[in-house]
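Please work through the following exercises with the structure open beside you, trying each task before you read its solution.

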Amino acid sequence: MRYALIGCGRVAVNHMNAAKTNGFEIAAVCDIDPNQIDSLFRRLGWDEAAVSGINRYACYEEMLSRETPDFVSVATPSGTHAEIALAVMGAGVNVLIEKPVALSLPDADRLIATAKQTGVTAGVCHQNRFNLSVQEMRRHLENGDFGRLSNAAVTVRWSRGPEYYAQAPWRGTWADDGGCLMNQCIHGIDLLLWMCGGDLKTVFGRTRRAFHPYIEAEDLGAAVLEFDNGVLATVEGTVNVAGKDLEEHLTLIGEKGSMKLGGTSANNVAYIAFDGEKERNTLIEKTENVYGNGHVPLFRDFAEAIVAKRAPYVTLEDGRKALSAVLSIYYSAFTGQPVGAPPPDLGTATFAEKEREDG
Ligand SMILES: NC(=O)c1ccc[n+]([C@@H]2O[C@H](COP(=O)([O-])OP(=O)(O)OC[C@H]3O[C@@H](n4cnc5c(N)ncnc54)[C@H](O)[C@@H]3O)[C@@H](O)[C@H]2O)c1
């Protein structure tokens, strides 16, 4: 499997390690800033022999015209995902896109349509679906162990200060990122949507920029989500915690069983109980940071999907669902009203204009 990476920043280490662990041939890396490529190689700590064969590019179009990778992953600022992934697909190459899949519904729709037209395999990095804890919850769900679900909740309480936002100018902007719901909480929201099943019927949201006046978007969001299958869910996401990334919890409550995932990124089983069984031993997966261990199995699945010509574990449609949920929370927060189906042209840019209009 010949692999190439576009975007060599913070998360790129996880992509390169996932490619290496899965035994891919790493053909090329691309970044508009050559220092980022140097920095990536330093952070990886691979020896000279391991990196000397990797071709370096500053322009992804040039990389696509010269290289013949089987798959490319896109780890650039969120506002550039759609344009770059469309170019990768246009070159007939399979593409795995970092979350969020895009920042507007029309862009997500364009990606889905282009993947169909070109026949390439395309997916999204919601790698937490591969957490051992999440897989255990999913197994119980698919077994029917929960029975009918009544409610669910995701809470993401992390810490991001000025130094994080100063690392790159795109962070916290409406054009290229969004706030904590779109960036940090979208993994938990993806898990919530995946577990609850059904489609969103109504969303009521509130957002605040409480402690980070130097970003455009929110640092705190709360929402009530109602699904068309009757499940009621809540979302609470913030980057305002003092000191450290405190927790990411996902709770699922059914008539025959309940589970709570804990840890910093839903990587532990904190509580598990099903009818006829007392609470069992819980599970703790060791992780180095909140990105978790999921990129390795995600990349493996994606490569297998290419070979088998099947859909990957996390599809573009899954990415669109998570994007649409976050945009719906934003839309509700900005209009003050519950939202049913969000307007089809909605994107984070909508809210930049709204703020300007509102002064
Ligand atoms: N899955 C996860 O857990 C996870 C974790 C962190 C970040 N992310 C996502 O990954 C993406 C990147 O985040 P990051 O924190 O690594 O950002 P970053 O700013 O550290 O890195 C982005 C890199 O992309 C480069 N870049 C920008 N435009 C480019 C272009 N046109 N062509 C090539 N390179 C370009 C930048 O120079 C930079 O080196 C974001 O969309 C973010 O939401 C996902």
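**Exercise 1. Place Leu261 in the fold and decide whether it is buried or exposed.**

The model is predicted, and the steps below should be read with that in mind. Begin with the secondary structure, where Leu261 belongs to strand S12, which spans residues 257-262. Next, count the neighbours: 29 other C-beta atoms lie within 10 Å of Leu261, and a residue is called buried when that count is 20 or more. Leu261 is therefore buried.

Then ask which residues surround Leu261. Leaving aside residues up to four places away in sequence, the contacts of Leu261 include Ser133, Val134 and Met137, as well as Ala266, Asn268, Val269 and Ala270. His249 and Leu250 are also among the residues that Leu261 touches, and for His249 the separation can be stated: it is twelve residues from Leu261 in sequence, while the two C-alpha atoms are 5.3 Å apart in space.

**Exercise 2. Describe the surroundings of strand S5, and explain why it is largely enclosed.**

Start with the burial of the strand itself, residues 94-98: five of its five residues are buried, so S5 is largely enclosed by the rest of the structure. Now separate the side chains by direction, with Asn94, Leu96 and Glu98 pointing one way from S5 and Val95 and Ile97 pointing the other way, all of them buried.

Turn then to the pairing partners. Strand S4, residues 71-74, pairs with S5 in the parallel sense over four bridges, and Val74 has Ile97 of S5 as its bridge partner. Strand S6, residues 122-125, also runs parallel to S5 and is joined to it by four bridges, with Cys125 of S6 standing opposite Glu98.

Finally, trace the connections, which pass through helices. The chain goes from S5 through H6 to S6 in a right-handed β-α-β crossover, and S4, helix H5 (residues 81-90) and S5 likewise form a right-handed β-α-β unit.

**Exercise 3. Characterise the side of domain 1 that touches domain 2.**

First set the bounds: the domain assignment gives domain 1 as 2-128 + 295-314 and domain 2 as 129-275 + 320-354, and their C-alpha centres lie 25 Å apart. Next consider the contacts, in which 21 residues of domain 1 meet 29 residues of domain 2. The elements of domain 1 that give two or more residues to this side are helix H6 (105-118) and helix H10 (295-308), and H6 supplies the largest share, four residues. Last, sort this side by class, which gives 13 nonpolar, seven polar and one charged residues.

Note on methods. Residues are numbered from 1 along each chain as its sequence is written. This is a predicted model: local features need pLDDT of at least 70, side-chain atom pairs count only at pLDDT 80 or more; totals for chains, interfaces and linings use all residues. Domain bounds come from an automatic or database domain assignment. Two residues are in contact if their C-beta atoms, placed from the backbone, lie within 7 Å. Ala, Val, Leu, Ile, Met, Phe, Trp, Tyr, Cys and Pro count as nonpolar, Asp, Glu, Lys and Arg as charged, and the others, Gly among them, as polar. A residue is buried if 20 or more other C-beta atoms lie within 10 Å of its own, exposed if 12 or fewer, and partly exposed in between; C-beta atoms are placed from the backbone. Two strands pair if DSSP finds at least two bridges between them. A crossover is right-handed if, with the strands pointing away from the viewer, the path from the first strand over the helix to the second runs clockwise.
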